[in-house]
Amino acid sequence: MTRGAASASEVKGDSFAWPFTTPLYVGSALNPINSSIIATAMVPIAADLNVPVGATAVLVSSLYLASAVAQPTAGKLAEVLGPRRIFLSGIVLVLLGGLVGGFGRNLAMLTVARVLIGVGTSAAFPCAMVMIRRRAQGAGLDAPPGGVLGGLAIAGMATAAVGPPIGGLLVAAAGWRLAFLINIPITVIALLMAVRWLPEDPPLDRENSGFRTIANRIDLPGILGFATFMTALVVFLMDLPDPEWVVLTVFVVAAVPTVIWELRTSTPFFDFRGLAANGALARTYLRQALTLLGVYSVMYGMTQWMEAAHGFSTVQAGLLLLPMGAVSALLSHPLARRNLVRGPLIVAALTMLLGSAGIMLLTSTSPAIAVVLVSLIFGVTSAATTVGNQTALYTAAPADQIGTASGLFRTFGYLGTITSSVIGSIVFRDGTSDQGLHTLGFVLVAAGVAVLLLTVLDRRLMGRRADRAPGASPHSHTPQNTANAETHPRKENHA
């Protein structure tokens, strides 16, 4: 038996036992569920608070904005201060957000709650990736722990499709406040599991734990600059199709000096040079953004069309999308266990094209089964892209930067999600109609073609498996050697 096979068996038996993985999965599920659970509660919130329905869109955008900025920040903090500390801090923020939102009396309080939830839930995924990578290295595992990454894929993406039906049932049963209050019991459970089961971080060195030292290690100026220009970019995108040019100016003014700073500092928060050299990682980010553009267009755009044009109730619309989450969850784990990258990514692109073509054929008189079929197809897209891109991320990112890289992976995903809402607002600008839905389908076909090209033309994905993590090589911290590891993967000898 080879070292790789022995390590895989050891990891399966001890290092990645359920007490370690369960809190990571529960924490990682909070962000996607909270991202989508609000979809079916927006109309009741508007009616109860006596505000226009359009005004409640801030509850979606605020969480997206907070998450887009907080994900890589949490990853960087996890690398420097310890993943367990940041994970627990995030859970506490989600608990606080659930309380503020559940007892909020106006839209401003609900917006604050969504920001707290966005920042808090953003800690789980990058912290989980840091802990998984460190534990895999400690166990001497050469190949990515596919089964563990598969569970993380289910928690991190497949659960997003569960949000609308859960939200619809909660709102129908006891009102929109449960969409916030549901976080309280979940976070309490997650907090107890994390405190008991997650390994403690090493104690902070007193000499290196001062504010100035930590600020230098995490590149605080880079984080603030990134937060500023990313906020401006997201606000600009959300204002489309009526652009706010002042916001775009703020983006440019903030981005230029930030990029210059990051290119000159010795420990950059956003390593532009490393990303430029690591083309495999950059393409992984782009594929994730474009594919999630399609997946979330279905979850939000089709939900809006089903309710406004087709006449389905809120609960019915949510339940019709439930097969998407079910298929995604069923496929994610077996795909991830095989450490496949290129195959799942090709499947993701092809099913995205097929599902987008299906959207162009739907009308307000189409039977419910037709909507379910489209949902099922995008469920395959969701599973394949999450597994393929997540494994590509694990193998392409330098081991000592996995937290920040994982956060940026989620940030690019949120840019795709935000863009999907922008496109939805444009195609349904004159009312939710079949014509607008067909236009949305056409846009998604174009995005699917781009994803397919990014996959089939990527020479770094020619190997079928991602069987060697960068940390397994003594030269793995350089993007060039990471790329070589992808190009010539080692065949895994399974136990």
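Which residues does phenylalanine 87 touch, not counting residues up to four places away in sequence? Phenylalanine 87 touches Pro23, Leu24, Gly27, Ala124, Cys127, Met131, Ala194 and Leu198, where contact means heavy atoms within 4.5 Å. The model is predicted, with local features needing pLDDT of at least 70 and side-chain atom pairs counting only at pLDDT 80 or more, while totals for chains, interfaces and linings use all residues. Residues are numbered from 1 along each chain as its sequence is written, and side-chain values use heavy atoms, leaving out hydrogens and water.

The largest nonpolar core (buried Ala, Val, Leu, Ile, Met, Phe, Trp, Tyr and Cys residues joined through side-chain atoms within 4.5 Å) has 114 residues, of which Ile45, Phe87, Tyr285 and Leu393 touch the most other members. Helix α16 provides the largest share of this core, 14 residues. Helices are DSSP runs of H or I with at least four residues, numbered from the N terminus.

Tyrosine 300 lies in α16, residues 279-310. Tyrosine 300 counts as buried because its relative accessibility is 17%, buried being under 20% relative accessible area with a 1.4 Å probe and protein chains only. Beyond four places away in sequence, tyrosine 300 touches Ser35, Ser36, Ala39 and Tyr64.

The largest pocket (on a 1 Å grid over the protein atoms alone, an open set of points where a 1.4 Å probe fits, with protein on both sides within 12 Å along at least five of seven lines; lining residues have an atom within 4 Å of a point) holds about 750 Å³ of space. Tyr300 is among the lining residues closest to its centre, with Met42, Ala57, Val60 and Gln304. The largest share of the lining, 7 residues, comes from α16.

Methods. Helices (H or I, at least four residues) and strands (E, at least two) are DSSP runs, numbered from the N terminus. Buried means under 20% relative accessible area, exposed over 50%, partly exposed in between (1.4 Å probe, protein chains only). Grid points are joined across faces, edges and corners, and a volume is the space filled by probe spheres set on the points.
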